[in-house]
Amino acid sequence: MHLLQVDALTKRYGHETLALNEISFDVRPGEFVAIIGPSGAGKSTLLRCLNRLIDISSGQVHFDGVNVSSLRGTALRRQRTQIGMIFQHYNLVNRLSVIENVLHGRLGYKGTFEGILGLYNEQEKQEAVRIIESVGLGEQIYKRCDQLSGGQKQRVGIARALVQQPKMLLCDEPIASLDPNSSKIIMDTLREINQNLGITVLVNLHQVDVALRYADRVIGIKRGQLVFDGDPNLITDQQIHQIYGSESGDLMLNLRERYAAA
Ligand SMILES: Nc1ncnc2c1ncn2[C@@H]1O[C@H](COP(=O)(O)OP(=O)(O)OP(=O)(O)O)[C@@H](O)[C@H]1O
């Protein structure tokens with residue numbers, strides 16, 4: 001049984017740009033999948049199509065047995081509670097506290113009235129505190145988000161996604177704005193969530209070495225097409241070259257240096 005089934009997914013922006021060209025793949029529950037590819041390959045577009053932040057031009061996406069390709073209104077909102085989203089630039093409300101931002105993850109479960117008034121029940125608040133503590137932000141619960149470091153902000157983003165009680169996390173370049181130390185904390189946190197809570201993770205990454213280190217499976221995208229789908233241990237220099245083209249020379253050198261140092 002697959003959690004996610006993507007069939008011939010195509011996305012055009014206007015008449016000019018074919019951002020995704022008939023992409024097909026399936027994801028089983030509990031997989032940790034890294035999506036790699038050069039800038040402009042279509043990685044962000046892919047994640048945004050999967051939870052319908054943007055409309056699909058053609059093809060189909062099934063999530064947990066539901067065809068999400070054509071969902072609208074309440075049905076789409078309900079569907080989105082099942083999928084947590086984590087962004088490169090965190091998408092937090094900076095003037096609000098950590099717990100207020102995290103509770104925003106519950107909005108998909110609320111009616112408009114409750115949502116506008118920010119009405120959360122005691123159980124939701126306790127669960128939010130527990131999750132904030134679990135990502136190591138116990139001392140920052142009432143701090144405004146503009147007083148946090150980038151790595152801490154991203155942990156708020158992860159906590160906000162987790163209070164949704166999602167079946168899958170979609171992470172769009174979650175470490176692209178972070179230093180190596182914070183990046184490691186975020187990737188370790190995502191791996192723990194995957195392994196301990198069984199939540200399926202799809203993560204877009206620029207850094208091939210990080211993808212190879214953390215993922216069970218790598219999907220390579222180039223100019224909107226799927227050009228690799230498999231075990232990260234089996235990816236060859238030639239395949240990295242195929243995905244990254246002329247950028248791959250430095251990449252492969254970096255990879256070899258890193259593995260030699262490990
Ligand atoms: N809103 C948009 N309107 C028009 N074209 C877009 C839009 N968003 C993305 N594109 C185009 O679609 C293609 C895929 O972009 P996308 O952002 O999905 O790639 P990416 O692999 O995530 O790149 P990066 O790693 O640089 O974020 C690019 O050609 C981009 O210019």
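In the predicted model, the ligand is surrounded by Tyr13, Thr17, Ala19, Gly37, Ser39, Gly40, Ala41, Gly42, Lys43, Ser44 and Thr45. Two elements, β2 and α1 (43-50), each give two or more residues to this shell. Helix α1 provides the largest share, three residues. In terms of residue class, the shell around the ligand consists of seven polar, three nonpolar and one charged residues.

Both of these elements also take part in the arrangement around an open sheet. The sheet is built from four strands in the order β2-β1-β4-β5, with antiparallel pairing. Because β2 and β5 (66-67) each have a single partner strand, they stand at the edges, and one side of each is left without a neighbour in the sheet. Helix α1 packs on this sheet through contacts with β1, β2 and β4, and its direction makes an angle of about 60° with that of β2.

At one edge of the sheet, strand β1 (residues 4-13) runs antiparallel to strand β2 (residues 17-27), and seven bridges join the two. Within this pair, Leu4 is placed opposite Val27 of β2. The two strands form a hairpin with three residues between them, and Gly14 in the turn adopts a positive phi of about 60°. At the other edge, strand β4 (residues 58-63) and β5 are likewise antiparallel, joined by two bridges. Phe63 has Val66 in β5 as its bridge partner.

Positive phi values also occur outside glycine. Most residues other than glycine have a negative phi. Asp64, which is not a glycine, nevertheless has a positive phi of about 50°. This residue is located in the loop between β4 and β5. Asp64 is classed as partly exposed because 16 other C-beta atoms lie within 10 Å. A second case is Arg223, whose phi is positive and near 45°. Arg223 is located in the loop between β9 (217-222) and β10 (225-230). With 15 C-beta neighbours inside 10 Å, Arg223 is therefore also counted as partly exposed.

At the level of domains, the assignment divides the protein into domain 1 (4-82 + 167-261) and domain 2 (95-165). The C-alpha centres of domain 1 and domain 2 are 25 Å apart. Contact between them involves eleven residues of domain 1 and ten residues of domain 2. On the side of domain 1 that touches domain 2, α2 (73-80) and α7 (180-197) each contribute at least two residues. Helix α7 supplies the largest share of that side, four residues. By class, the residues of the side of domain 1 that touches domain 2 comprise five nonpolar, four polar and two charged.

Helix α7 also contains Ile193. Ile193 has 21 other C-beta atoms within 10 Å and is therefore buried, the threshold for this class being 20 or more. When residues up to four places away in sequence are not counted, Ile193 touches Leu169 and Ile199. The C-alpha atom of Ile193 is separated by 22 Å from that of Glu100, and the two residues are 93 residues apart along the chain.

Definitions and conventions. Residues are numbered from 1 along each chain as its sequence is written. This is a predicted model: local features need pLDDT of at least 70, side-chain atom pairs count only at pLDDT 80 or more; totals for chains, interfaces and linings use all residues. Domain bounds come from an automatic or database domain assignment. Two residues are in contact if their C-beta atoms, placed from the backbone, lie within 7 Å. Ala, Val, Leu, Ile, Met, Phe, Trp, Tyr, Cys and Pro count as nonpolar, Asp, Glu, Lys and Arg as charged, and the others, Gly among them, as polar. A residue is buried if 20 or more other C-beta atoms lie within 10 Å of its own, exposed if 12 or fewer, and partly exposed in between; C-beta atoms are placed from the backbone. Two strands pair if DSSP finds at least two bridges between them. A residue is near a molecule or strand if its C-beta atom, placed from the backbone, lies within 6 Å of it. Axes are lines fitted to C-alpha atoms, for helices over the stretch in contact, and angles run from 0 to 180 degrees between N-to-C directions.
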